[in-house]
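Work through the exercises below with the sequence and the 3D view at hand. Each task is followed by a stepwise solution.

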2 protein chains.
Amino acid sequence: MSTEGSVGIVETKYFTFAEAPDKMELEGGHKLGPVTLAYETYGKLSPSGDNAILICHALSGDAHAAGYNSPEDKKPGWWDIMIGPGKAFDTDKYFVICSNIIGGCKGSTGPGSINPETSQPYCLDFPVVTIRDMVDAQKRLVDSLGIKRLLAVVGGSMGGMQVLQWAVSYPNMVRLAVPIATTSRLSPQAIAFDEVGRQAIMSDPDWVDGKYYGKSSPSHGLSIARMVGHITYLSDKSMHKKFARRLQDKAEYDYDFVTDFQVESYLRYKGDAFVKRFDANSYLYITKAMDYFDLPQTYGSLKNAFMQVKSKFMVISFTSDWLFPSYQSKEIVKALRQNDIDVIYTEIKTDCGHDAFLLESEQLTRLISNFLKHGKRRTQQ
Amino acid sequence: MSTEGSVGIVETKYFTFAEAPDKMELEGGHKLGPVTLAYETYGKLSPSGDNAILICHALSGDAHAAGYNSPEDKKPGWWDIMIGPGKAFDTDKYFVICSNIIGGCKGSTGPGSINPETSQPYCLDFPVVTIRDMVDAQKRLVDSLGIKRLLAVVGGSMGGMQVLQWAVSYPNMVRLAVPIATTSRLSPQAIAFDEVGRQAIMSDPDWVDGKYYGKSSPSHGLSIARMVGHITYLSDKSMHKKFARRLQDKAEYDYDFVTDFQVESYLRYKGDAFVKRFDANSYLYITKAMDYFDLPQTYGSLKNAFMQVKSKFMVISFTSDWLFPSYQSKEIVKALRQNDIDVIYTEIKTDCGHDAFLLESEQLTRLISNFLKHGKRRTQQ
């Protein structure tokens, strides 16, 4: 581990609510309980409780956003470049919370959790959860921490969907909202890629209708799903820069199926690594939650969806992001402005594609730290 | 069948060459023989033999480009909108040949063919073939038809790769070359999508190292490969137009894994339909041939590759094609011009993505018929 600018050693905590009979009501009509959320916090909550920032993670993220869970860890949390002393989310100033999502597989209640009614894993008996359900669960966590109002809710990709839903569902609780590289509804192309991933998982004979816990898991299928996903997180240009058409471990073609381009080896490596850290059923549930998310449909229009919103917004997109293209961020900005909501929009020029929100970026750091600083002042009551 | 503007009933023919001991030498160093090519012809060869046009097909195409193989056929050949009396490839004027490729599964020698040495299907003992090998085989077919010089070689996507290779390998045989929606080398992104498809096939337990002939075929894997491919053939916009976020057979979400967006049903339907007409091993070989194709690498540079070229070119790309983006066509045009080769370049404005070359298009029809007419005159000797 590296300690410079780091929050250091952090512990993942767990919050459980909705114990029977007070189960959580889900958007789809089902009830779920008990519900556990894994979460981490960095920095200290101010006496007035006005410095709390909630970080929402993307599809494959988890509660471990910064620092190290043990001194042996080689890699820090997934957004460590942004969270820590002196960083964009300055833990000397702010109390940063990162919560895992329901449906996930990183310590929160999901399809791999034990169904109290059967004492077996839920598998596909787990109800379909939505982005709103994820946010409702986080709301309970934030309440439990004694926070009345969040200074900011921030997240990229699916995390950005949660940001939008937070501002819509709990307008009085969100002072600043920062949705990054996200959308108010997935494009059919993005749904199509999700469905390819799901088909790959569900076609894997080890999937056995989702009842694979304790047996071999559908690793081939999940690996292929991750490979497809990974292509959509990069851009044509970033792949040219990163791999071009270079071969792996050789200079010339051998004209066989063993010869690999570097991009092939890289994707297979990424796929195989993912299998070790992610649950295939969670992948099904979370991608479905993303596909279902549709603010314009749910609220009649995107303008309507934002009608009650009281947050000040900073919307950020990336020029080369073709999975959540900038036009989708612009739709959000337009609908916010139609409601006279204060919104700053920045399209960051980059070749890094959708993944850009996870990468080191001076511009992103500066935008966010300034927005938090000024936004805090401007939303002071 | 519909007879208007159609070439009518056509018969697929077969040409066999490279019988032992005169096997065909492949680019990868292996020898293959005998080699059979399935092909069709439409129209009549002129007495001077100066009106022959070779059509090269894409990944999943075949020799049946126009007309009907039987009166019961509901659909005509894959480029029937372009080939027939009065159409772009006017069969009243031209003698049109469409040849299947080696490595394929539509009547030509491929991994599913019988290996004369074992009397069993080749399976993965079939040698890796390249675009140059496909073209070399077609050259033998064209020779066998008594054609000294082709008026034109035309094709889209992988067919366009063959067009480029024809002009490079047999400069004296190609008067006009029309590569459409193609590239002199695949991008790493396109290679990555191909690899996802291959992994899906090879992860299917029914693939059994390619030795599935006579048993169940790896249909799940091939279907997923096709689904991925199909997404890359469309564009974000065309998918918005075609499907938007509409649900299949219902108005509202049921919040389950059965509820489908139309785009999901469509892709699964396309995947399942493909499995019935295509061989999984051929999919592996043909995508690998596309990945390996790299004129700049093979000839030192793209300019060098075109040094001996004598054809007049018309290069066509489509604005919304993100699999074979226009910048790749522009690279071809630039390298041709560096060699003082006569080249017309047109970027057709369309939302239809890569698939645009297969769709009805007045502009494409006009461009090609004019180019053939004037080109024939201008290359007259």
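**Exercise 1.** In what order do the eight strands of the open sheet in chain B run, and what is the sense of the pairing?

*Solution.* Keep in mind that the model is predicted.
- Step 1. Reading across the open sheet of chain B gives β1-β4-β8-β5-β11-β12-β13-β14, with mixed pairing.
- Step 2. At the edges lie β1 (13-17) and β14 (343-348) of chain B, each of which pairs on one side only.
- Step 3. On average, and ignoring direction, neighbouring strands of this sheet are turned by 20° against each other.

**Exercise 2.** Find the sense in which β12 and β13 of chain B pair, and then the helix that packs on the sheet.

*Solution.*
- Step 1. Three bridges join β12(B), residues 174-180, to β13(B), residues 312-318, in the parallel sense.
- Step 2. B:Leu176 has B:Lys312 in β13(B) as its bridge partner.
- Step 3. Helix α2(B), residues 158-169, packs on the sheet and touches β5 (52-56), β11 (150-156) and β12 of chain B.
- Step 4. The direction of α2(B) makes about 150° with that of β12(B).

**Exercise 3.** Describe the contact between chain A and chain B, and state how the chains are related.

*Solution.*
- Step 1. Chain B gives 39 residues to the contact, and chain A gives 39 residues.
- Step 2. On the side of chain B that touches chain A, α3(B) supplies the largest share, 10 residues.
- Step 3. That side of chain B holds 23 nonpolar, seven polar and nine charged residues.
- Step 4. A turn of 180° with a shift of 0.0 Å along the axis lays chain B on chain A with an RMSD of 0.0 Å; this is therefore the relation of a two-fold axis.
- Step 5. Both copies use the same surface, as 100% of the contact residues of chain B recur in chain A.

Conventions
Residues numbered from 1 in each chain as written. Chains lettered and ligands numbered in written order. Predicted model: local features only at pLDDT ≥ 70, side-chain atom pairs only at ≥ 80, totals over all residues. Contact = placed C-beta atoms within 7 Å. Helix = DSSP H or I, 4+ residues; strand = E, 2+ residues; numbered from the N terminus. Nonpolar A, V, L, I, M, F, W, Y, C, P; charged D, E, K, R; others polar. Least-squares fit on C-alpha atoms with pLDDT ≥ 70 in both. Pairing = 2+ DSSP bridges. Axes fitted to C-alpha atoms, helices over the stretch in contact; angles between N-to-C directions.
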